[in-house]
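Biologist: I am new to this structure. Could you walk me through it?

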Amino acid sequence: MYQREETIDLGIIASEIAQWSINHYGYFVKSSNDKLEMITSFAEDLSRLPQDSIRFVSKVQNEWVDNGNTRPPTIPEFLKEVRTKYNQDMQKNTPKLEHHKSTDYAGMWNACESCGEHDALNFMKMTYNKREVSDATKYIIRTYFEKLGYDKNKINQMMG
């Protein structure tokens, strides 16, 4: 019924990166430490990266070779490059919220209504936007002009 979450064996990925380094540059890391310990440590370092960033390993390898580097990347350099590629991808592919400027038509109407008929008419001429004003505000505006004795056709014409 439920599927198991796929786990990535980072030990295999770390050993593949080490093998890539040996194939291209003749060595993985210049160190007197045991290679198995180095790969295990590298796998632990990879585990601290976001899980989805592992898909950028081959891209980092290809770019490292394409850039003409004469030595393999150190473990920190490699991790930094993978993290950089992941962050660039996140920035590029993360949907951005649109900035929607909303105008407080109800608040503006309340200010105009209390000042008098002249300001209310100026609001209707200069500020009123029939597509953005809420229905509740339209109702209040309509009742205001009805109380002042305006004809319904004139009100409908003003309100669009």
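What follows is a short exchange on cores, helix packing and salt bridges.

Modeller: Keep in mind that this is a predicted model.

Biologist: Which helices each supply at least two residues of the largest nonpolar core?

Modeller: The largest nonpolar core has 19 residues. Ile 13, Ile 17, Phe 28, Phe 42, Leu 46, Val 57 and Phe 78 touch the most other members. The helices that each supply at least two residues of this core are helix 1 (10-25), helix 2 (35-47), helix 3 (57-66) and helix 4 (75-93).

Biologist: How many residues are in the other core that lies apart from it?

Modeller: Among its members are Ala 120, Ile 141, Tyr 144 and Ile 155. The number of residues in that core is 14.

Biologist: Which residues does Val 57 touch, not counting those up to four places away in sequence?

Modeller: Val 57 is one of the residues that touch the most other members of the largest core. Leaving out residues up to four places away in sequence, Val 57 touches Ile 13, Ile 17, Phe 78 and Val 82.

Biologist: At roughly what angle do the axes of helix 1 and helix 2 cross?

Modeller: Two packed helices are described by the angle and the distance between their axes. Here the crossing of helix 1 and helix 2 is right-handed. Their axes come within 8 Å, and the crossing angle is roughly 115°.

Biologist: How many nonpolar, polar and charged residues make up the contact of helix 1 with helix 2?

Modeller: Helix 1 brings residues including Leu 10, Ile 13 and Ile 17. Helix 2 meets them with Ile 39, Phe 42, Ala 43, Leu 46 and Ser 47. The contact divides into 9 nonpolar, 3 polar and no charged.

Biologist: In the salt bridge of Asp 45 with Arg 48, which residue is buried?

Modeller: The closest N and O atoms of this pair are 2.3 Å apart. Arg 48 has 58% relative accessibility, so Arg 48 counts as exposed. Buried means under 20%. At 16%, the buried residue is Asp 45.

Biologist: How many residues apart are Lys 85 and Glu 63?

Modeller: Their side chains meet in a salt bridge, 2.7 Å from N to O. Lys 85 is buried at 14% relative accessible area, while Glu 63 is partly exposed at 27%. Lys 85 is in helix 4 and Glu 63 in helix 3, and their separation along the chain is 22 residues.

Biologist: Which residues do salt bridges that share partners join into one network?

Modeller: Arg 55 and Asp 52 meet in a salt bridge at 3.1 Å, N to O. Arg 55 is partly exposed at 46%, and Asp 52 is partly exposed at 39%. The network joins Asp 52, Arg 55 and Asp 89.

Technical notes
Residues are numbered from 1 along each chain as its sequence is written. This is a predicted model: local features need pLDDT of at least 70, side-chain atom pairs count only at pLDDT 80 or more; totals for chains, interfaces and linings use all residues. Side-chain values use heavy atoms; hydrogens and water are left out. A nonpolar core is a set of buried Ala, Val, Leu, Ile, Met, Phe, Trp, Tyr and Cys residues joined through side-chain atoms within 4.5 Å. Buried means under 20% relative accessible area, exposed over 50%, partly exposed in between (1.4 Å probe, protein chains only). Helices (H or I, at least four residues) and strands (E, at least two) are DSSP runs, numbered from the N terminus. Contact means heavy atoms within 4.5 Å. Axes are lines fitted to C-alpha atoms, for helices over the stretch in contact, and angles run from 0 to 180 degrees between N-to-C directions. A crossing is left-handed if the near helix is turned anticlockwise from the far one by less than a right angle, and right-handed if clockwise. Ala, Val, Leu, Ile, Met, Phe, Trp, Tyr, Cys and Pro count as nonpolar, Asp, Glu, Lys and Arg as charged, and the others, Gly among them, as polar. A salt bridge is a side-chain nitrogen of Lys or Arg within 4 Å of a carboxyl oxygen of Asp or Glu.
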